[in-house]
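Welcome to a short set of exercises, each followed by a worked solution. Have the structure open beside you and try every task before reading on.

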Amino acid sequence: MPAHTLTPAPADDDRRRLLAATAGAGAVAMAATAVPFVASLTPSERARAAGAPVEVNVGRLAEGEMMTVEWRGKPVWILRRSAQMLAALEGHDERLADPASQEAQQPAYAAGPQRAIRPEFLVLVGICTHLGCSPSEKFAPGAVAGMEADWPGGFLCPCHGSRFDLAGRVFLHQPAPTNLEVPPHRWLDGNRLLVGEDAGGEGGAVV
């Protein structure tokens, strides 16, 4: 018997060509979207891993608000302290382990009770100096923050209870041995802060 050859129907050929074209277009579209995505993320991830400085605009940060940025894989807090918060730094030195910031937990330009270049803006590494947990905000004084009546406002570590005031200074007899760390930083202008770099050890000019 003569052999029979099956010839694909024209509709099948058209379907195959349509599927191939669709798959090819999809691959091109995925590649086109993936390249910008990877290009936008890879440099920043590489920069963080290398510890590159991080520029932050604090212009929209209201009094009493805090923002967090990442530097060297660590959370860095930037707290814009109100006049009331700055006033709350006074009157409890006898309850602090290092009220004058004599331990090397900050650059020289951020020593002292306020621990800041510009008193209004506190810059801290948000990691407890005990075992590395991240403290919680307890900014309001006293019972408003769920603390004791003489609480001046600050931070509470949820892991082992270490307490820090609104300058990141540790209270006496806490698991944390030292104040929270102040990272190198400097001001580029009135609103832009550079975390991770200072001006030759002098910090940024007060602006």
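**Exercise 1: Cysteines**

In this predicted model, the count of disulfides comes to one.

*Task.* Find which cysteines form the disulfide, and state where they sit in the chain.

*Solution.* Start with the sulfur atoms: those of Cys-133 and Cys-159 are 2.0 Å apart. The cut-off for a disulfide is 2.5 Å, so this pair qualifies. Next, locate the partners. Cys-133 lies in the loop between β4 and β5, while Cys-159 lies in the loop between β6 and β7. They are 26 residues apart, and the pair links distant parts of the chain. Finally, look along the S-S bond: the angle about it is -100°, and the link is left-handed.

*Task.* Decide whether each partner is buried or partly exposed.

*Solution.* Residues under 20% relative accessible area count as buried. Cys-133 has 19%, so it is buried. Cys-159 has 39% and is therefore partly exposed.

*Task.* Explain why Cys-128 and Cys-157 are not bonded to each other.

*Solution.* The closest cysteine sulfur to that of Cys-128 is in Cys-157, at 3.9 Å. Because this is too far for a bond, the two are not counted as a disulfide. Both are buried, Cys-128 at 4% relative accessibility and Cys-157 at 3%.

**Exercise 2: A sheet and one of its residues**

*Task.* Work out the strand order of the open three-stranded sheet and name its edge strands.

*Solution.* The order is β5-β6-β7, with antiparallel pairing. Now check the sides: β5 (136-138) and β7 (163-165) each pair on one side only, so they are the edges. The twist from one strand to the next averages 30°. Between β6 (residues 154-156) and β7 there are three bridges, and Phe-155 stands opposite Phe-164 in β7.

*Task.* Describe the surroundings of Asp-165.

*Solution.* Asp-165 belongs to strand β7. Its relative accessible area is 0%, so it is buried. Its side chain makes a polar contact of 2.8 Å with that of Arg-169. Beyond residues up to four places away in sequence, Asp-165 touches several others, including Leu-89, His-92, Leu-96 and Phe-171.

**Exercise 3: Nonpolar cores**

*Task.* Which residues touch the most other members of the largest nonpolar core?

*Solution.* This core has 35 residues, and those touching the most other members include Val-58, Leu-124, Phe-155 and Phe-164. Among the elements that each supply at least two residues are β3 (74-80) and α2 (83-87). A second, separate core of six residues includes Leu-96 and Trp-151.

Technical notes
Residues numbered from 1 in each chain as written. Predicted model: local features only at pLDDT ≥ 70, side-chain atom pairs only at ≥ 80, totals over all residues. Heavy atoms only, no water. Core = buried A, V, L, I, M, F, W, Y, C linked by side-chain atoms within 4.5 Å. Buried < 20%, exposed > 50% of the residue type's maximum accessible area, 1.4 Å probe, protein only. Helix = DSSP H or I, 4+ residues; strand = E, 2+ residues; numbered from the N terminus. Pairing = 2+ DSSP bridges. Axes fitted to C-alpha atoms, helices over the stretch in contact; angles between N-to-C directions. Polar contact = N/O pair within 3.5 Å; in protein donor to acceptor, adjacent residues only side chain to side chain. Contact = heavy atoms within 4.5 Å.
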